[in-house]
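Please look over the structure below. The report after it takes up charged pairs, the sheet, the core and two loop residues.

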Amino acid sequence: MKTLKFKTNINCGGCVSKVTPFLNKQDGVERWEVDTGNPDKILTVESKGATDKDIETTLKKIGFKTEKIA
């Protein structure tokens, strides 16, 4: 399993609830969480096949920005 991390603009419970159905049904995503308490709003994804690009594309479609953290 691979851990992917992104800076995002997912900044509140409403945003989390908006992305939840999309990330939950994303192929290759085992588990995910957003640290809305962090100023960078860090999204951590435990991936079993999903790529950085998959996550970025999914979130962009619903209006959220992501920036991959190395």
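## A bridge between helix 2 and strand 4

Lys68 is partly exposed, at 32% relative accessibility. This is a predicted model. Lys68 forms a salt bridge with Asp52, and their closest N and O atoms are 4.0 Å apart. Asp52 lies in helix 2 and Lys68 in strand 4, so this pair ties together parts 16 residues apart in sequence. Asp52 is partly exposed too, with a relative accessible area of 23%.

## A network of three

The structure holds 4 salt bridges. Some of them share partners: Arg31, Glu33 and Glu46 are joined into one network. Arg31 bridges to Glu33, with the closest N and O atoms 3.9 Å apart. Arg31 also bridges to Glu46, where the closest N and O atoms are 3.9 Å apart. Arg31 lies in strand 2 and Glu46 in strand 3, so the pair links parts that are 15 residues apart in sequence.

Which of these residues are buried, and which are partly exposed? Glu33 is partly exposed, at 43% relative accessible area. Arg31 is partly exposed, at 44%. Glu46 counts as buried, because its relative accessibility is 18% and the cut-off for buried is under 20%.

## The sheet

How are the strands ordered in the sheet? There are 4 strands in an open sheet, and the order is 2-3-1-4. The pairing is antiparallel. Strand 2 and strand 4 (66-69) stand at the edges. Each has a single partner strand, so one side of each is left without a neighbour in the sheet. Neighbouring strands are turned against each other by 25° on average, direction ignored.

Two helices pack on this sheet. Helix 1 touches strand 2 and strand 3, and its direction makes about 165° with that of strand 2. Helix 2 touches strand 1, strand 2, strand 3 and strand 4. The direction of helix 2 makes about 35° with that of strand 1.

## The hairpin

Strand 2 (29-35) and strand 3 (42-47) pair in the antiparallel sense over 6 bridges. They form a hairpin with 6 residues between them. Follow two of the facing pairs. Trp32 stands opposite Val45 in strand 3. Val34 stands opposite Leu43 in strand 3.

## The core

Now look inside. In soluble globular proteins, nonpolar side chains tend to be buried together. Here the largest nonpolar core has 16 residues. Which of them touch the most other members? They are Val19, Trp32, Leu43, Val45, Ile55 and Leu59. Five elements give two or more residues to this core: strand 1 (2-8), helix 1 (13-24), strand 2, strand 3 and helix 2 (52-61).

Take Val45 as a case. Leaving aside neighbours within four places in sequence, Val45 is in contact with Lys2, Thr3, Leu4, Phe6, Val29, Arg31, Trp32 and Ile55. Among these contacts are Trp32, which also stands opposite Val45, and Arg31, a member of the salt-bridge network.

## Lys41 in the turn

Lys41 sits in the loop between strand 2 and strand 3. In this turn, Lys41 has a positive phi of about 50°. Is Lys41 buried or exposed? Lys41 is buried, yet has no salt bridge. The nearest side chain of opposite charge is Asp35, and it is 7.5 Å away. A salt bridge needs a distance within 4 Å, so that pair does not count.

What does Lys41 touch? Not counting residues up to four places away in sequence, Lys41 touches Phe6, Lys7, Thr8, Ile10, Asn11, Val34, Asp35 and Thr36. One of these, Val34, is the residue that stands opposite Leu43.

## Ala50 before helix 2

Ala50 lies in the loop between strand 3 and helix 2. Ala50 is buried, because its relative accessible area is 5%. Its C-alpha atom and that of Asp27 are separated by 6.3 Å. Along the chain, Ala50 and Asp27 are 23 residues apart.

Leaving aside neighbours within four places in sequence, Ala50 is in contact with Leu4, Asp27, Gly28, Val29 and Ile55. Ile55 belongs to the largest nonpolar core. Val45 is in contact with Leu4, Val29 and Ile55, among others.

How values were computed. Residues numbered from 1 in each chain as written. Predicted model: local features only at pLDDT ≥ 70, side-chain atom pairs only at ≥ 80, totals over all residues. Heavy atoms only, no water. Buried < 20%, exposed > 50% of the residue type's maximum accessible area, 1.4 Å probe, protein only. Lys, Arg positive; Asp, Glu negative; His and termini not counted. Contact = heavy atoms within 4.5 Å. Pairing = 2+ DSSP bridges. Core = buried A, V, L, I, M, F, W, Y, C linked by side-chain atoms within 4.5 Å. Axes fitted to C-alpha atoms, helices over the stretch in contact; angles between N-to-C directions.
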